[in-house]
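I opened my notebook today to look up a few spots in a structure. Come and read along with me.

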Amino acid sequence: MPSKKALIRRPSPRLAEGLVTHVEREKVDVELALEQWEAYADALRTHGWETVEVDPADDCPDSVFVEDTVVMYRNVALIARSGAESRREETVGVEEAVARLGCSVNWIWEPGTLDGGDVLKVGDTIYVGRGGRTNAAGVQQLRAAFEPLGATVVAVPVSKVLHLKSAVTALPDGTVIGHIPQVDRPSLFPRFLSVPEEAGAHVVLLGGPHLLMAASAPKTADLLADLGHEPVLVDIGEFEKLEGCVTCLSVRLRELYV
């Protein structure tokens, strides 16, 4: 059944201590980040999404990036096990949240590692990035969890960015979009559209023609508008300093049994 619920999590007061791997560390304004997070949540609600706030994890600097903690397929929640050991405590509140929503809950187990940001779903195809945060055992466990439910899991290399969804996301028609310098193998995607900005590779499908995008990608927004989409721009500049993007800040639950 279709649903429009989105898990979100309030930024930790320690946000500025968050991990960075592929960018230089910049000073993060935590108060401004909170304002930007609230505007992001408002944008979801404005477009018909019910936001479900996961219990804060104030001791976990990266906990606002809630997408990394869980992968949803239909009504099944696969709790991640981050390749960054310091992030593994983030999953506790998320497990409770998805269980309360009636999801069937599964887990990635040692030695597997997987971050939700490495998983891109296009229909029943699940692309999973094999890179710094997700290992081969994590890919195998994701395949074991979801292929019996009808998914096809495709592993793709990730070496130039933090997560697969740092490099690519998908439009409503299934076309994968990405900024070529950040994408290891564009040919792995049946339909691929190159966009002119790194931040332009990140879209959240709000429903209908509406795409949630970062305000830092105006050229891409214009390109997608020319193709008939309706970009909804939000400023997430403080999170971008920590390699965050619009997908990282929520988990969209579209197929709950309601």
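These entries cover a helix, some aromatic rings and a threonine, all in a predicted model.

**Entry 1: the helix α5**

I began with helix α5, which spans residues 218-226, and asked which of its residues are buried. I found T220, A221 and L224. Why do they sit on the same side of α5? They cover an arc of only 105° around the axis, so they share one side of the helix. A rule I keep in the margin: an α-helix has 3.6 residues a turn, so residues three or four places apart point the same way.

Next I turned to the other side of α5, where K219, D222 and D226 are exposed. Then I wanted to know what the buried residues of α5 pack against. My list reads β10 (176-178), β11 (192-194), β13 (210-214) and β14 (230-234). Before leaving, I looked just after α5 and noted that G228 has a positive phi of about 100°.

**Entry 2: aromatic rings**

How many aromatic pairs are there? I wrote down 5. I looked up two of these in detail.

The rings of W107 and W109 have centres 5.9 Å apart. Their planes meet at 40°, so I filed the pair as tilted. Are these two tryptophans buried or exposed? W107 has 35% relative accessibility, so it counts as partly exposed. W109 reaches 54%, and because exposed means over 50%, W109 counts as exposed.

My second pair was Y127 and F189, with ring centres 4.9 Å apart and planes at 65°, so this pair is edge-to-face. Y127 belongs to strand β7 (residues 125-130), while F189 is in the loop between β10 and β11. The pair therefore ties together parts that are 62 residues apart in sequence. Both Y127 and F189 are buried. I also noted that F192 joins Y127 and F189 in one aromatic cluster.

**Entry 3: T169**

Last, I visited T169, which lies in strand β9 (residues 168-170). Its relative accessibility is 1%, so T169 counts as buried.

Which backbone atoms lie by the polar side-chain atom of T169? I found the backbone oxygen of A201 at 2.6 Å from a polar atom of that side chain. The backbone nitrogen of V203 lies 3.1 Å from a polar atom of the T169 side chain.

I then listed the contacts of T169, leaving aside its neighbours within four places in sequence. A201 and V203 turn up again, along with L120, T175, V176, I177, H202 and T247.

Technical notes. Residues are numbered from 1 along each chain as its sequence is written. This is a predicted model: local features need pLDDT of at least 70, side-chain atom pairs count only at pLDDT 80 or more; totals for chains, interfaces and linings use all residues. Side-chain values use heavy atoms; hydrogens and water are left out. Buried means under 20% relative accessible area, exposed over 50%, partly exposed in between (1.4 Å probe, protein chains only). Helices (H or I, at least four residues) and strands (E, at least two) are DSSP runs, numbered from the N terminus. The arc is that of the directions from the helix axis to the C-beta atoms. Contact means heavy atoms within 4.5 Å. Rings of Phe, Tyr and Trp (its six-membered ring) pair if their centres lie within 6.5 Å; planes under 30 degrees apart count as stacked, over 60 as edge-to-face and the rest as tilted. A polar contact is a pair of N or O atoms within 3.5 Å; within protein, one must be able to donate a hydrogen and the other to accept it, and residues adjacent in sequence count only if both atoms are side-chain atoms.
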